[in-house]
Every structure is written in C-alpha cells, then in structure tokens.
Amino acid sequence: MPHHLCTNCGTQYADTDSPPTTCRVCADDRQYLGRHGQQWTTHGALLRTHHQRIEMDDHLLGIGILEPFAIPQRSLVVRTGAMNVLWDCVSLVTPEAVDTLNGLGGIDAIAISHPHFYSSMVEWSRALGDVPIHVHEADTAWIARTSPNVRRWHGDDLDLGVDLRLVHCPGHFPGSALLHWTPPQGRAVVLAGDSLHVAADRRHVSVMHSVPNHVPVGPAVIRDVQRRLTGLAIDDVYGFTWGLNVIGDGRRAVDESLDRYLRAIAA
Ligand SMILES: [Zn+2]
Ligand SMILES: [Zn+2]
C-alpha cells in the first residue's frame, strides 16, 4: 500500500489503500490548506517530477527540493569530524542525495526540529542505512509514519556526540528543538528550524505558534525560551529555509529579539 504524502505540507503518512481524508498537520491552526484543497501524492510520483537541490547554504551543506513543493524547508548536514547529522527533512529522497551523503562518510543520525519537517524522515532513514531519527517525545502524536528507527527523546536536552546537542525549545510546538553545535575551532551554531524563526532581516529571530497564520506566543513562553538559551554560545542561527540565516553575532540577535518580543506583547 502506498505511503500518501500531503502536497501542501509535505508530510508522509502510514501506508493505506486510500489517502487520509484530511492531513492533520494542515488541519492544525499552525498550518493551512492551499486554495485547491487537500491533495495527495506519493514519494514515487514525486521522484518522477521533482529534483533535489544540493548546495551550500552559508557555511553548511543544504538539501532541498529544486521545484516549488510544500513548505519549503531544507535540510542541513552537520559534519563534526566524529559524526554526521542530517538536520530536518524534506519530502524527496533521491539516489543523488544519498550518494552525496554517503560520499561524505554517511549519516549517523537524523534530528528533527518539529513536526512540520518530519516530512519523509522515514524514507531518509531507510535510504541512509536505517539511521536513528531523533524527535522530542512531546510531539509523539504528530508522527504520521511510524518506524522502529524513530527515537523519542525527552527532557531538556540530548547529547548526540562531542560538541553536538539537541535543546528542547517549546513554543512553536510542545516538542520543538534546536541543534546546538560548538566545535572547538569554528563557529558556534544553532540550527533552529522553526523553533526560533529567523526574521526576514536576518538579524533577528522570533518564536511563533504559527508563522504563516501570524499567531504569536505569550510572554511565559518567551521567558521560558530565554531561560533555556541562557549561556549558549551562538555565532550563527540557521532558519528553516535557504538563506534565512543569521550569520555572525547570533547571541546578540537572540537576546535583542526576545527582549523586543516581550516589550511588544507587554500587557
Ligand atoms: Zn499536510
Ligand atoms: Zn513549523
């Protein structure tokens, strides 16, 4: 049976004869349905019509989809020397992308910021040798295609290896997470997905319940995020898509942005 894939948000579902009546990711108030309503495809069909975009996005290798499709996020590849991690997923997995990643020494683990970017995470894991997929347990209900490769982590953080740590940053979703990478030589990086939404000026970040529907979070969430990010070294913040990154002075960008947010929503 096919694994149906929502063309609006890019989420792949469990195998069923016919597609679900609605995509619960798109039915949620954080997302929306396009003007033409609910439509479905499959990964096999996507492979015939779409191509992978593989290129550097500032200082990290990005993997996305060349043609317009779904949200559109891009994955990032973190290479620490000790391990390679694929951050966030897109819906399309091509042999070209798998060859590229295997040529870099393979991928040791996949980590995902939040359910909007689960997309085809199980396809990716299987194509890369059944590598573990780390998602925060607070978002378990959003896993549309289950797999033994999905590892649910819990608590405030998860060490993935030397210099590489997942940080729980709830706000956009209950299980939203950041990937924090602090190489001994080099830039301290936060991979944020939508957990911190990089602003269009690429000098500020935000925390939104819904980005496309413009729904902010409340002051308690912002104060909680401030507390969770206290003391983190941050040079760069990578946002959810190509080029939407704060490069340099990331710590200042985060601090000023969250202070500004609190002033804006002060009761
Ligand atoms: Zn959807
Ligand atoms: Zn999102």
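In the predicted model, strand β4 (residues 52-57) pairs with strand β5 (residues 60-65) in the antiparallel sense, and six bridges connect the two. Together β4 and β5 form a hairpin with two residues between them, and D57 stands opposite L60 in β5. Within the turn, D58 has a positive phi of about 50°.

A further antiparallel arrangement is found in an open sheet of three strands, whose order is β2-β1-β3. The edges of this sheet are occupied by β2 (12-15) and β3 (40-42), each of which has a single partner strand, so that one side of each is left without a neighbour in the sheet. From one strand to the next, the twist averages 35°. The antiparallel strands β1 and β3 are joined by three bridges, and the bridge partner of C6 in β3 is W40.

Strand β1 (residues 3-6) also contains L5, which is buried because 29 other C-beta atoms lie within 10 Å, where 20 or more are required for a residue to be classed as buried. When neighbours within four places in sequence are left aside, the contacts of L5 are G10, T11, Q12, W40, T41, T42, H43, L46 and S91. W40, the bridge partner of C6 in β3, is thus also listed among the contacts of L5. In addition, L5 and C23, which are 18 residues apart in sequence, are separated by 9.0 Å in space, C-alpha to C-alpha.

Helix α6 (residues 250-264) comprises 15 residues and, at 1.5 Å a residue, should span 21 Å, which agrees with the 21 Å between its end C-alpha atoms. The buried residues of α6 are G250, A253, V254, S257, L258 and Y261. Seen down the axis of α6, these buried residues fall within an arc of 115°, and they therefore line one face of the helix. The face turned away from this buried side carries the exposed residues R252, D259 and R263. The cover over the buried residues of α6 includes one helix, α5 (219-229), together with the strands β14 (189-191), β16 (205-206), β19 (236-238) and β20 (245-247).

Definitions and conventions. Residues numbered from 1 in each chain as written. Chains lettered and ligands numbered in written order. Predicted model: local features only at pLDDT ≥ 70, side-chain atom pairs only at ≥ 80, totals over all residues. Helix = DSSP H or I, 4+ residues; strand = E, 2+ residues; numbered from the N terminus. Expected span 1.5 Å × (residues − 1). Buried ≥ 20, exposed ≤ 12 C-beta atoms within 10 Å, placed from the backbone. Arc of directions from axis to C-beta. Contact = placed C-beta atoms within 7 Å. Pairing = 2+ DSSP bridges. Axes fitted to C-alpha atoms, helices over the stretch in contact; angles between N-to-C directions.
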